[in-house]
Amino acid sequence: MALLQADHLTVYVAFHFVLITLLSLTSATPGRGSANVLSLSQPYDFLYYTGVRSYFGEEWVKAAELLEKAILTKESLSRVRRQCHEECVEAGREAFNRLDSEKGSLHDLWTLDWVQQRAECLRFCVGRSVSPAAQLPVSTDIDYEFGSRNPYNFLQVTYYKLEKLQKAASAAHTYFVANPSHLEMRNNIEKYRRMEGVTEEAFQDRELENENHWVLYDSAVQYEASSDWLKAAQKWKECVNETLRQTDECRLQCEMASQRLPEDRGVDGSKSVYEQAADLSLSLLSCRQSCVTQVATRPGRISSQEDFLPTQLEHRHIAQFKAGDVGGAVQTLRSLLLFYPSDHDSLDNLQLYSETLGGDTESQGTQPAQEIVGYINRALDEKKLLYFGMENLDFSFTDPDLWTPEDVVPESLRDNWRAVKEKINVKMEEGEKKEEVDDSGFYAGGPVPQVGVTITMDDTILNGTNRVVLDDVMTEKECEKILQLATAAASAGDGYRGRRSPHTPHETFEGLTVLRAVKLAQDDMVNQTDARLFYELGERVKVLLHSYFRSPSILYTSFTHLVCRSAIAGDQEGRLDLSHPVHVDNCLLEPETNQCWREPPAFIHRDLSALLYLNDNFDGGDMFFTNRDAKTVTARVKPSCGRLVGFSSGPVNPHGVSAVTRGRRCALALWFTKEKLYRDMEREEAKAMWAAGGKSVVKNEEEEKEGGASPARNARSQATRQGRGRVTGARDEL
């Protein structure tokens with residue numbers, strides 16, 4: 001009997017899935033539509049890739065036109081879907097109204113009639129303005145391109161080449177908002193601000209319409225900081241409303257767009273119509289639920305803000321109370337309690353408000369806001385179906401909310417659900433605590449094999465893990481020789497595509513690699529002995545750090561760079577920037593969440609980092625370590641001749657360089673890897689050149705002049721991939 005009931009439940013839920021699927025599929029299925037397609041005849045991904053090809057072909061006018069059209073087409077497609085959704089809300093209303101009055105098969109027939117009428121309305125409406133090709137789903141890679149705002153990266157250079165500086169500045173700013181760690185773009189923006197004809201109006205975010213809730217959020221926080229509670233309460237109200245609107249917009253796009261099945265759940269002949277419908281419907285519901293995460297992710301951030309909407313409600317009720325609107329504070333607090341009904345702090349606040357109002361907290365004006373009630377009920381209905389799919393249909397779903405009640409989760413899934421939730425809560429409670437675990441495999445405290453080298457600072461003094469400062473690694477004479485080499489051979493922007501100021505506009509940057517030094521020595525442009533010393537210092541550092549950090553495996557030199565930073569005379573007053581912003585060498589640091597993501601463009605193969613200083617006759621330029629918040633400084637190191645700083649390259653060692661405000665600061669920057677694949681082939685070529693009597697045994701003459709394949713050529717070869725794949729590769733900067 002129990003088995004029979006379970007079968008009936010499965011069929012009922014599957015039938016519910018079928019209805020949802022019919023709605024989602026028919027609303028997004030390309031229809032024949034009108035013979036006169038008004039505007040959206042080409043897919044925006046096709047326009048984008050065509051624009052990128054024009055960009056690399058240096059067809060600047062065509063590139064600008066196509067890239068702008070791609071952005072406009074994507075926006076227009078969303079607008080058409082929104083308008084059609086609103087236009088077809090009433091379609092089939094008569095059939096829908098008869099559902100509750102019918103029984104048995106008639107109920108099903110009226111349901112299908114309602115679905116069909118609504119689907120026909122949507123198909124016709126979308127088809128009037130959008131061609132079938134433009135309605136097709138785009139790849140996840142193209143979603144990434146637009147999500148990371150890469151079209152504006154291309155547009156920035158394109159408009160600069162066309163001498164349309166106002167538009168170039170606008171594109172640069174729009175890209176930078178979503179990519180705040182892009183140092184070269186920041187530098188470009190500083191240059192635009194100094195250019196004649198570029199006004200402040202240019203520096204506006206072109207995607208602001210989709211991010212307005214964050215503007216309101218920041219504004220509300222600022223009013224709180226100044227204790228202007230009346231304005232803070234108003235801004236929090238606007239922020240909540242805009243967050244709800246953005247969430248509804250995201251959900252609408254989920255419903256109107258074709259849903260892609262997960263790769264491991266493709267439709268095949270072994271699945272029944274109910275199973276196939278359930279797969280598609282669950283994908284739609286999962287997309288709707290993911291809107292919580294999407295809306296709560298600030299541009300330029302990798303992860304979302306947990307409990308984004310409840311957090312706003314918490315701020316709002318406090319601001320209302322302090323502004324004297326106790327009734328409003330009660331209503332907002334009751335809305336918050338819908339998320340966390342047993343939260344002790346909220347219940348205590350409700351008691352306080354009740355006493356302030358003389359016990360009246362039950363009036364109509366103090367009940368939870370209806371939009372929040374609807375938000376909660378809708379979310380719970382979807383979660384129940386998704387958890388049913390997880391338990392019975394092998395569907396994968398990650399709940400975006402911490403407030404989900406336990407009774408929504410099936411018994412069989414609760415243990416795993418509790419474990420995941422506990423991990424998130426622990427992570428949030430730790431807040432800004434530093435993650436002390438270093439999984440690099442290094443263990444500081446080994447012997448120092450070079451006579452005369454002293455350990456000046458260790459982990460304890462540097463307040464960290466796997467950090468060390470060694471002194472007297474070089475003699476004064478050796479420092480002078482390498483400084484002379486830098487003066488004679490270092491070139492502006494080396495390593496940064498010729499950018500003289502890749503990190504800050506207030507300093508110039510020069511660099512020199514081992515291979516180029518050897519080639520210059522072979523041409524008698526620099527001293528042969530100095531070039532050999534440059535190479536040998538890298539070996540010296542590797543031996544020292546391999547021993548001190550007790551590396552269990554062979555270390556290979558990944559890159560060696562002689563770098564000098566020089567303060568620009570007369571451009572130092574009021575500086576608040578850094579010579580090199582806080583970063584981690586082998587992952588992308590996200591200070592707001594204390595996370596560090598090991599993914600490109602980070603040099604994820606780097607295991608050990610080192611800086612060997614050459615001089616101290618300058619102002620500023622201290623190297624410093626921080627916590628993962630990129631603000632809390634844990635240790636500082638002042639450069640001097642022969643001083644070596646070594647540390648593991650991972651997330652336990654965020655670091656930066658303070659501003660160089662006078663003079664020229666030079667050092668050898670070195671990185672080491674455990675993976676032979678990532679060893680520095682230029683060092684091996686330099687060694688081979690000495691053995692071959694000065695003749696290059698790896699590169700041809702043209703490549704020697706260029707120092708290898710140009711970034712533009714590499715980028716072009718990557719960007720011309722066929723199909724709807726991700727555009728990768730280097731980007732040209734100013």
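This report describes one open sheet and two buried residues in a predicted model.

## Basis of the description

The model is predicted: local features need pLDDT of at least 70, side-chain atom pairs count only at pLDDT 80 or more, and totals for chains, interfaces and linings use all residues. Residues are numbered from 1 along each chain as its sequence is written, and side-chain values use heavy atoms, with hydrogens and water left out.

## The open sheet

Four strands, in the order E6-E14-E11-E12, form an open sheet with antiparallel pairing. Strands (E, at least two residues) and helices (H or I, at least four) are DSSP runs, numbered from the N terminus; two strands pair if DSSP finds at least two bridges between them. Strand E6 (580-583) and strand E12 (633-637) each have a single partner strand, so one side of each is left without a neighbour in the sheet.

Strands E11 and E12 run antiparallel and are joined by four bridges. Within this pairing, Met623 has Val637 of E12 as its bridge partner.

## Thr626

Thr626 belongs to strand E11 (residues 623-626). Thr626 is buried (under 20% relative accessible area, with exposed over 50% and partly exposed in between; 1.4 Å probe, protein chains only), because its relative accessible area is 0%. Not counting residues up to four places away in sequence, its contacts (heavy atoms within 4.5 Å) include Arg467, Val582 and Pro654.

## Tyr535

Tyr535 is part of helix H22 (residues 528-548) and counts as buried at 12% relative accessibility. Beyond residues up to four places away in sequence, Tyr535 touches Val514, Arg683, Lys687 and Trp690. Ala517 is 18 residues from Tyr535 in sequence and 9.1 Å away in space, C-alpha to C-alpha.
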